[in-house]
Amino acid sequence: MANGFPFTTGAVLSATNMNGLTAFTVGSDQTADYTAVLADQYQALIPMNKATAIAFKIPTNASVAYPVGTVITVLNKGAGVCTISAVTSGTTTILSAGAVAASPTLAQYKTAACIKTATDTWYVVGAVA
């Protein structure tokens, strides 16, 4: 089993737990700028939904200590462009193939995965511009 799943020593792995690992939890639409929280890790989908520009922010490791290997998936449902960036750009590094590597954007109906590869390093892959 991969590291980082939400089980503790002595926990019993039930069919419900196991089946839940294969499905996304779809969060509530975010209609204002949003900073990721610990509950956004694992199989969570964060829908951003605003008619004008909106931001999805990744906090520093000191604020939210996601395990290395964490993936956060962002879906932009709204007509406004969604920019993915760090809360503290001098501490947290965002890398992508976007026009601005540290601040990739998602157009409407586009999705990206934010992958933590080191303490304060994230790669954003997917339909970024």
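Reader: In this predicted model, what share of the contacts in the protein chain with a separation of 6 or more comes from residues 24 or more positions apart?
Author: The model is predicted, and the chain holds 1 helix and 10 strands. Among contacts in the protein chain with a separation of 6 or more, the part owed to residues 24 or more positions apart is 60%.

Reader: In which order do the strands of the open sheet lie?
Author: Along the sequence, the chain follows the pattern α-β-β-β-β-β-β-β-β-β-β. An open sheet with mixed pairing is built from 6 strands. Its edges are strand S1 (25–26) and strand S7 (93–96), each of which pairs on one side only. The order is S1-S3-S5-S9-S10-S7.

Reader: Which residue in S10 is the bridge partner of Ala-113?
Author: Strand S9 (residues 110–118) and strand S10 (residues 121–126) run antiparallel and are joined by 6 bridges. In S10, the partner of Ala-113 is Val-125.

Reader: Which side chains meet in a salt bridge, at 3.0 Å from N to O?
Author: The count comes to 1 salt bridge. The pair links distant parts of the chain, 48 residues apart: one residue lies in the loop between S1 and strand S2 (34–35), the other in the loop between strand S5 (71–76) and strand S6 (82–86). The side chains that meet are those of Asp-29 and Lys-77.

Reader: Does Asp-29 count as buried, partly exposed or exposed, and why?
Author: Buried requires under 20% relative accessible area and exposed over 50%. Because its relative accessibility is 32%, Asp-29 falls in between and counts as partly exposed.

Key
Residues numbered from 1 in each chain as written. Predicted model: local features only at pLDDT ≥ 70, side-chain atom pairs only at ≥ 80, totals over all residues. Heavy atoms only, no water. Pairing = 2+ DSSP bridges. Helix = DSSP H or I, 4+ residues; strand = E, 2+ residues; numbered from the N terminus. Salt bridge = Lys/Arg side-chain N within 4 Å of Asp/Glu carboxyl O. Buried < 20%, exposed > 50% of the residue type's maximum accessible area, 1.4 Å probe, protein only. Contact = heavy atoms within 4.5 Å.
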